[in-house]
Amino acid sequence: MSQHLVAWQANADQASLTRITTVTDDVLTPDGTTRFLVPSDYNQIHWMAASGPSLTDARVVTPSLDVRRENLVVIPREDGDEQWTLTNPSISVPQRPVQLITTESIEFQTAEDGGTTQQNGLVSLGPATPTPMPDGDIRTVVATGTTAAVAHAWTSITDLTLETSLEPGRYSLVNFFASSATAIAARVIFQGGGYRPGLPAFAGAADAAANVNAQILQRISFYDMGNFSHITVPVWQYFCETTDSSYTVVMQIIRTGDL
């Protein structure tokens, strides 16, 4: 089993903690405009992130957390920009996954002190233990695309093209590094649909974004994200600040066998 990356966003003036709006998601069930219902098999929070130029607070809120008197504060958080600082990305990773109650609502609240500013929230939901990586050599492949993004929404990069054709066979995706001019996050759609594992994405041209300190990524990736073949390469979705149109995805994959 994999994970599913969920997003919220708002452009608002809110000095006190206030719910922000869900980003349309084709997989999870919405509960109004600010909440999703927690899926029955993906009810653990593996990591969280919040970004915005003037953030002062960010929290994940659910009824079960309220019952436990738990304030799930997103620490660290990116409070100077929408994109992550390359040298030290502010991603909040609990020491153990945080368990939620299936079918309860989950919301993201933020506060800021800069007037009307953009605020973004990310939560990666999954089972208690993601499926481990399969055995085999980890191969690295690069893909690029030019689909025009919609700002602060999940945009499918439908023209993503591999630089090198894959050896025929079946593969497991275990990690990826996604970048574009104003990238905030990226997630993967495998053939047949289903949950969409994702990771923070990094802003800038591919050569500049590659200077990221990757230690945090190693803590939240390197599991079996999903499977595909050399002719069913998955589609990536980007969540960007503006209308980006040039993307690079560096995938790390393991060949698991013949078709």
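User: How many aromatic pairs does the structure hold?

Analyst: In this predicted model, a pair of aromatic rings is described by the distance of the centres and the angle of the planes. Counted in this way, the aromatic pairs that the structure holds come to 8.

User: Are the rings of Y42 and Y195 stacked or edge-to-face?

Analyst: The centres of the two rings lie 3.8 Å apart, and the planes of Y42 and Y195 meet at 25°. Planes under 30 degrees apart count as stacked, whereas those over 60 count as edge-to-face. Because the angle here is 25°, the pair formed by Y42 and Y195 is stacked.

User: How many residues apart along the chain are Y42 and Y195?

Analyst: Y42 sits in the loop between β4 (35-37) and β5 (44-51), while Y195 belongs to the loop between β15 (183-189) and β16 (198-200). The pair therefore links distant parts of the chain, with a separation that comes to 153 residues.

User: Which of the two, Y42 or Y195, is buried?

Analyst: Buried means under 20% relative accessible area, and partly exposed covers the range from there up to 50%. Y195, with a relative accessible area of 23%, is therefore partly exposed. At 4%, the relative accessible area of Y42 falls under the cut-off, so the buried residue is Y42.

User: What is the geometry of the aromatic pair of F176 and W236?

Analyst: The ring centres of F176 and W236 are 5.6 Å apart, and the angle between their planes is 85°. F176 is placed in strand β14 (residues 170-180) and W236 in strand β19 (residues 235-240), so that this pair, too, links distant parts of the chain, 60 residues apart. Both residues are buried, and the geometry of their pair is edge-to-face.

User: What separates the C-alpha atoms of L125 and H46?

Analyst: L125 lies in strand β10 (residues 117-126) and is buried, with a relative accessible area of 1%. Leaving aside neighbours within four places in sequence, its contacts include Y42, Q44, I45 and H46. Although L125 and H46 are 79 residues apart along the chain, the separation of their C-alpha atoms is 6.1 Å.

User: Is the chain as compact as a globular protein of its length, and what radius of gyration does it have?

Analyst: The secondary structure of the chain comes to 3 helices and 20 strands. For 259 residues the globule rule gives 18 Å, and the computed value is close to this, so the chain is as compact as a globular protein of that length. The radius of gyration is 18 Å.

Note on methods. Residues numbered from 1 in each chain as written. Predicted model: local features only at pLDDT ≥ 70, side-chain atom pairs only at ≥ 80, totals over all residues. Heavy atoms only, no water. Helix = DSSP H or I, 4+ residues; strand = E, 2+ residues; numbered from the N terminus. Rg over C-alpha atoms; globule rule 2.2 N^0.38 Å. Buried < 20%, exposed > 50% of the residue type's maximum accessible area, 1.4 Å probe, protein only. Contact = heavy atoms within 4.5 Å. Phe/Tyr/Trp six-rings, centres within 6.5 Å; stacked < 30°, edge-to-face > 60°.
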